[in-house]
Amino acid sequence: MTFLTLIGLLLAATLVAGYFRMSVTSWTVLTAITLVAGIWYFDAGFITTVLAALVFAVPALFLNLKGVRQQYFTKGFLKFYRKALPELSETEKVALEAGTVYWDAELFTGKPDFKKLHDIDKPELSSDEKEFLAGPVAELCRMLNEHEFNHDKGDMPKEVWDFMMKNKFFAMIIPKRYGGLEFTALGHSAVLQKVSSRSAVAAATIAVPNSLGPAELLLEYGTEEQKDHYLPRLSQGKEIPCFGLTGPSAGSDATSIPDTGVICKKKIDGKEVLGINLNFDKRYITLAPVATVVGLAFQMMDPDGLLGDKKQLGITLALIPRDTKGIDIGRRHLPLDVMFMNGPIRGKDVFIPMDYVIGGQEMIGHGWRMLVECLSVGRAISLPSCSTGGAKMNAFATGAYARIRKQFNLPIGRFEGIEEALCRIAGKTYTSAATATMTALAVDRGEKPAVPSAIAKMHVTDMARDMISDAMDIHGGKGIIMGPKNYLGRAWMGAPIWITVEGANILTRSMIIFGQGAIRCHPYVLKEMEAAHLPDMSESLKKFDKYLFQHMGYTFQNGVRSFFQGLGTWRFDRSPGDKFTKKFYSKITRYSAAFGFAADISMLTLGGSLKKREKTSARLGDVLSHLYMASAVLKRYRDQGNQSADQPIVAWAMHHHFYEIEQALKMLSYNFPSKGVGIFLRRVIFPLGTHELPPGDRLGHKAASLLLSPNETRQRLTDGIDKEESEYHYVAKMNHVLAKVIDTEPLERRILKAIKSGEINEIDPSKQLAQALENDIINKSEFNSLTKVRAEVAEIVAVDDYPFDAFDRTKAQTDDSEQSKVA
């Protein structure tokens, strides 16, 4: 019995060491002291003491004597590891090596250092960026008429295009020395948020030249001659760029593009010129129909060995003027009736000189790396920012409409069914803004955030789709009747566009977020892989042993922490934050440990097959994503001064993220390919079962109520969008009426009370007001106010109608044909 007690003490000491993340040396000292104290206290006999000492000494010596460990364990395991290690394709290696890690890596540790989160600068725009937003951006917003663009013209008017080019909207990322604006990523994001709050067409048009396009590629990789030629012209609007990557048979599998460039010689003006003969077929290319310069990705081949012995040179990027012979541009796609310029690009036997290759001849074959690195930056800004702008305007509009629109003599926003949707809009808008901002700040820190950009793109666009769906439900018929008064319909129609472009969300969730994160962000996996492939066997064994045992300790520690925190010890962990946020920081730490443990167990048991287990990878990616977004929410709350009025929305968002994290881990364990491993995971991570609940009704009521009237929280939630009243800005007009509706609500209640008491017996609303005036229930001034406000409300809830044959396009075509005959 004494022997078992001593073993129990050793186990307890080991668990304590694991929970507090002690080093091997500290564990050795702690367990030795614990063993000696136990032997003395229980007066253990000689045999018991020897046996207990052996139980302690064997693992202690194994862990502390590196030479012995390497010779008798690590050496054999390294041979097995090299054989078992899945082969990475060249494109996968490039994707893993491209980009950097920052907060996403902390979330893998099991105990994130929140000081690093707090050390990320607060979002602050430069004076130039503020002036641009208050000047050209505000003026552009006054010009935007989304209904006209989409329904009438199928394009933005020439004056809008000219204004954008004159004011350098396409040159936000280009340095001032080339004539650009040289904005920060945060400034770039702020412009897109404001413009997208008014027009998806204008936002998409601005986003592309400042995202994955020639300007960014030239800045990173272009030759000085290419920069000097193109960047000033792009800044001045003399060139409109597009970039062709996706084709009919190469969408998500972009590395399999069939488009080819064959190195050859051709006589031009009597001189033999070394160049490239291109054949390509691209589609879904934004700005293609109006582009003057085309960026192109293709497979470079050298069958005649003009550059060397290698025949297949790899993906290469080039810039080609539109008027180059053989290029076919001009037709358009119709992306769900959202009329931004998008279309196919084709080319047959297009000859270009070698100096059209971005970066020159030395960058031949490096195109995939160039794309991946630039995409991690561009994807971090464009779609998260545009979707956030749309989400904020959605919250701004839907909250106002839900207060103005009445049913059963009550604002519809007061009904619990509507509240359910409103609180989702509020919480997800907060998360979207927080995620987009923190990811933009990473870019400004010099990061190339491959994993955070994938998280931001995928989840912010997904949340935007959820929010527009909720908004449509709340608006009912108002949302489905198209016309100038409908500010939701195009957003509803266009939501799948943003889900699809720059990496389809299914692909991003299933393969990219955890697929890249598991190796890039994990503290040891990439180091182990690199150590295993070192050519010097001695050095390889030494480094592999070091990282392997650090990894084993890390996994054990996360398992211990997951188990005990699942019992509730997370409540006692030291965490930053105030009384309100402390528990949220602690839960991030609790689920970070669970995530780290689940990720390691998954990689250990599934190995290379994890790449094919997309559902498993997706669920692990969901955990990482919600940890990242929850962190972003806490950062936004802190950066905005810990405003107590914002707490209902912040709490809603945090409870939502923790619920989604728990659900992902639960479904991971129940659906794990190995049932036994799944049960083990569940017992370690959830020893007392799962207890997270989605945000409750009371919290949802508080969050939803904040959208229904002008207040500081609503202002902060929707900051950065265009709220200025202008000719085409229906939502701004509606929010102006909102204040009047709230002011007259006491009068409406007075009239309703009079109707119930019988003092007013008219049915017609206008006659009710007249009777109320006649019976001194309201005075003349109040009568005038109510009459005016009711008229404005009627205008808000009104929808558009058209002549019977307004949509007969065959009639329009016949009329055009008849006019042509007359002419």
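Mentor: A helix here is a DSSP run of H or I with at least four residues, and helices are numbered from the N terminus. The model is predicted.

Trainee: In which helix is the place of V50?

Mentor: V50 belongs to a nonpolar surface patch together with F46, I47, L51 and L54. The helix that holds V50 spans residues 46-64. That helix is α3.

Trainee: How much accessible area do F46, I47, V50, L51 and L54 have together?

Mentor: Patch members need over 30% relative accessible area. V50 has 34% and counts as partly exposed, because partly exposed runs between the 20% and 50% limits. Together the five residues of the nonpolar patch have about 520 Å².

Trainee: Which residues form the positive surface patch?

Mentor: One of the members is K542, in helix α22, which covers residues 537-566. K542 has 53% relative accessibility, so K542 counts as exposed, the limit being over 50%. The full set is K66, K527, K542 and K546.

Trainee: Is H459 buried or exposed?

Mentor: H459 sits in helix α17, residues 450-475. Its contacts, leaving aside neighbours within four places in sequence, are I513, D622, S625, H626 and M629. The relative accessible area of H459 is 8%, and buried means under 20%, so H459 is buried.

Trainee: Which residues does T461 touch, not counting residues up to four places away in sequence?

Mentor: T461 is also placed in helix α17. With 2% relative accessibility, T461 counts as buried. Outside those excluded neighbours, T461 touches L383, S387, A456, W498, I499 and N505.

Trainee: How far apart in space are T461 and G517, C-alpha to C-alpha?

Mentor: In sequence, T461 and G517 are separated by 56 residues. G517 is not among the residues that T461 touches. From C-alpha to C-alpha, the separation of T461 and G517 in space is 20 Å.

Trainee: What is the phi of R21, near which value?

Mentor: Most residues other than glycine have a negative phi. R21 is in the loop between α1 (2-19) and α2 (24-42), and R21 is partly exposed at 23% relative accessible area. R21 is not a glycine, yet its phi is positive, near 55°.

Trainee: Where is the place of E182?

Mentor: E182 is a residue other than glycine with a positive phi, near 55°. Its relative accessible area is 45%, so E182 is partly exposed. The place of E182 is the loop between α10 (158-166) and α11 (185-196).

Trainee: How many salt bridges does a search of the whole structure find?

Mentor: Side chains of opposite charge can pair when their charged atoms come close. The cut-off used is a Lys or Arg side-chain nitrogen within 4 Å of an Asp or Glu carboxyl oxygen. Over the whole structure, the number of salt bridges found is 31.

Trainee: How far apart are the closest N and O atoms of K115 and D119?

Mentor: K115 and D119 both lie in helix α7 (residues 114-119), 4 residues apart, about one turn. K115 is exposed at 54% relative accessible area, while D119 is partly exposed at 42%. The closest N and O atoms of this salt bridge are separated by 2.9 Å.

Trainee: What is the N to O distance where the side chains of D639 and K635 meet?

Mentor: D639 and K635 are about one helical turn from each other because they are 4 residues apart in helix α24 (residues 614-639). Both D639 and K635 are buried. Their side chains meet in a salt bridge with an N to O distance of 2.7 Å.

Trainee: How many residues apart are R490 and D337?

Mentor: The side chains of R490 and D337 form a salt bridge, 3.6 Å from N to O. The pair links distant parts of the chain, with R490 in helix α19 (residues 489-500) and D337 in the loop between β6 (327-328) and β7 (342-353). R490 is buried at 13% relative accessibility, whereas D337 is partly exposed at 25%. Along the chain, R490 and D337 are separated by 153 residues.

Trainee: Which residues are linked in a network of salt bridges?

Mentor: A salt bridge needs a Lys or Arg nitrogen and an Asp or Glu oxygen. The network includes K392 and R636, along with an Asp. The linked residues are K392, R636 and D719.

Technical notes:
Residues are numbered from 1 along each chain as its sequence is written. This is a predicted model: local features need pLDDT of at least 70, side-chain atom pairs count only at pLDDT 80 or more; totals for chains, interfaces and linings use all residues. Side-chain values use heavy atoms; hydrogens and water are left out. Helices (H or I, at least four residues) and strands (E, at least two) are DSSP runs, numbered from the N terminus. Buried means under 20% relative accessible area, exposed over 50%, partly exposed in between (1.4 Å probe, protein chains only). Contact means heavy atoms within 4.5 Å. Patches are made of residues with over 30% relative accessible area and no salt bridge: like charges are joined within 9 Å, nonpolar side chains (Val, Leu, Ile, Met, Phe, Trp, Tyr) within 5 Å. Accessible areas come from the Shrake-Rupley method with a 1.4 Å probe; for residues, only the protein chains shown count as cover. Lys and Arg count as positive and Asp and Glu as negative; His and the chain ends are not counted. The place of a charge is taken as NZ of Lys, CZ of Arg, CG of Asp or CD of Glu.
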